[in-house]
Amino acid sequence: MKKLFFITLAAFAFTACEKNDPIIPNEEELITTLIYTLTPDGGGSPVELKFQDLDGDGGNVPVISGGTLIANTTYSGSLRLLNEIESEDITLEVEEEGDEHQFFFSVSGLNANVDYADTDANGKPVGINTTLTTGAASNGQLTITLRHEPAKDASGVVNGDITNAGGETDIEVTFDVAIQ
């Protein structure tokens, strides 16, 4: 009887130790490309700020292209996120899950500000569509950060302040920008 008990116990221990892959309910998407297209409201050529890292994290260094904007001009901004390894447009997922995502825009040394032009189902900002307004000539940087599950009700978050947003950063890119 003891022998049967130990055989049963060993069989149970063997099956209990089998490796099972975990189920991840909302696995983070790989973002290889971020394109921020800025179109002057009065007409003119769009300016494209682009981040591209075709091999994903690690490996080759990403290619980041900044741009030059016109002073005292309002631009309609549109963001696009891609996973070019899998030929997927991640923008659609971020838009569909707008209540779980928010873009944040910060400027350093740049005479410009960015305002949200879209909202999620709860009326909170997402940031796929924006309005960027330039002031006098300057040189600086524009940083775009996408947060997953930010605390949109936290102080300042609906106004684009990332300080109290929390959540996880899906992508963060800094572009060199000139205003002339």
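Begin by selecting Ser87, which counts as exposed at 70% relative accessibility, and bear in mind throughout that what you have open is a predicted model. Ser87 is found in the loop between E5 and strand E6 (88–89), and its phi is near 55 degrees, a positive value in a residue other than glycine. That is worth a pause, because most residues other than glycine have a negative phi.

Next, go to the loop between E10 and E11, where Glu149 lies. Glu149 also has a positive phi, of about 55 degrees, although it is not a glycine. Now select Lys152, which lies in the loop between E10 and E11 as well. Is Lys152 buried or exposed? At 7% relative accessibility Lys152 counts as buried, since the cut-off for that word is under 20% relative accessible area. Display its side chain together with Pro125, and you will find a polar atom of that side chain 2.9 Å from the backbone oxygen of Pro125. Leaving aside neighbours within four places in sequence, the residues in contact with Lys152 include Gly98, Asp99, His101, Asp120 and Val158.

From the loops, move to the largest nonpolar core, which has 30 residues. Select Tyr36, Phe103, Leu132, Leu142 and Ile144, the residues with the most contacts inside this core. Among the elements that give two or more residues to the core are strand E1 (33–40), helix H2 (90–96), strand E7 (101–108) and strand E10 (138–148). Which element gives the largest share of this core? Strand E11 does, with five residues.

Stay in the core and centre the view on Ile144, which lies in strand E10 and is buried, with a relative accessible area of 0%. If you show the C-alpha atoms of Ile144 and Phe105, you will see that they are separated by 4.8 Å, although the two residues are 39 residues apart along the chain. Apart from neighbours within four places in sequence, Ile144 is in contact with residues including Leu34, Tyr36, Phe103, Ile171 and Phe175. Selecting Phe103 in turn, and setting aside neighbours in the same way, you will find among its contacts Leu79, Val94, Tyr116, Ile128 and Ile144.

Now colour the aromatic rings, for the structure holds two aromatic pairs. In one of them, the rings of Tyr36 and Phe105 have their centres 5.7 Å apart and their planes at 35 degrees, so the pair is tilted. This pair links distant parts of the chain, with Tyr36 in strand E1 and Phe105 in strand E7, 69 residues apart. Tyr36 counts as buried at 0% relative accessibility, and Phe105 counts as buried at 14%. In the other pair, the rings of Phe105 and Tyr116 have their centres 6.3 Å apart and their planes at 65 degrees, so this pair is edge-to-face. Because Phe105 lies in strand E7 and Tyr116 in strand E8, the pair ties together parts that are 11 residues apart in sequence. Tyr116 counts as partly exposed, at 22% relative accessibility. Select Tyr36, Phe105 and Tyr116 together, and you have one aromatic cluster.

Finally, switch to a ribbon view and find the open sheet of four strands, which has the order E4-E11-E10-E7 and mixed pairing. Strand E4 (67–69) and E7 stand at the edges, each with a single partner strand, so one side of each is left without a neighbour in the sheet. From one strand to the next, the twist averages 30 degrees. As a last stop, look at E4 and E11, which pair in the parallel sense over three bridges, and select Leu69, which stands opposite Ile179 in E11.

How values were computed
Residues numbered from 1 in each chain as written. Predicted model: local features only at pLDDT ≥ 70, side-chain atom pairs only at ≥ 80, totals over all residues. Heavy atoms only, no water. Core = buried A, V, L, I, M, F, W, Y, C linked by side-chain atoms within 4.5 Å. Buried < 20%, exposed > 50% of the residue type's maximum accessible area, 1.4 Å probe, protein only. Contact = heavy atoms within 4.5 Å. Polar contact = N/O pair within 3.5 Å; in protein donor to acceptor, adjacent residues only side chain to side chain. Pairing = 2+ DSSP bridges. Axes fitted to C-alpha atoms, helices over the stretch in contact; angles between N-to-C directions. Phe/Tyr/Trp six-rings, centres within 6.5 Å; stacked < 30°, edge-to-face > 60°.
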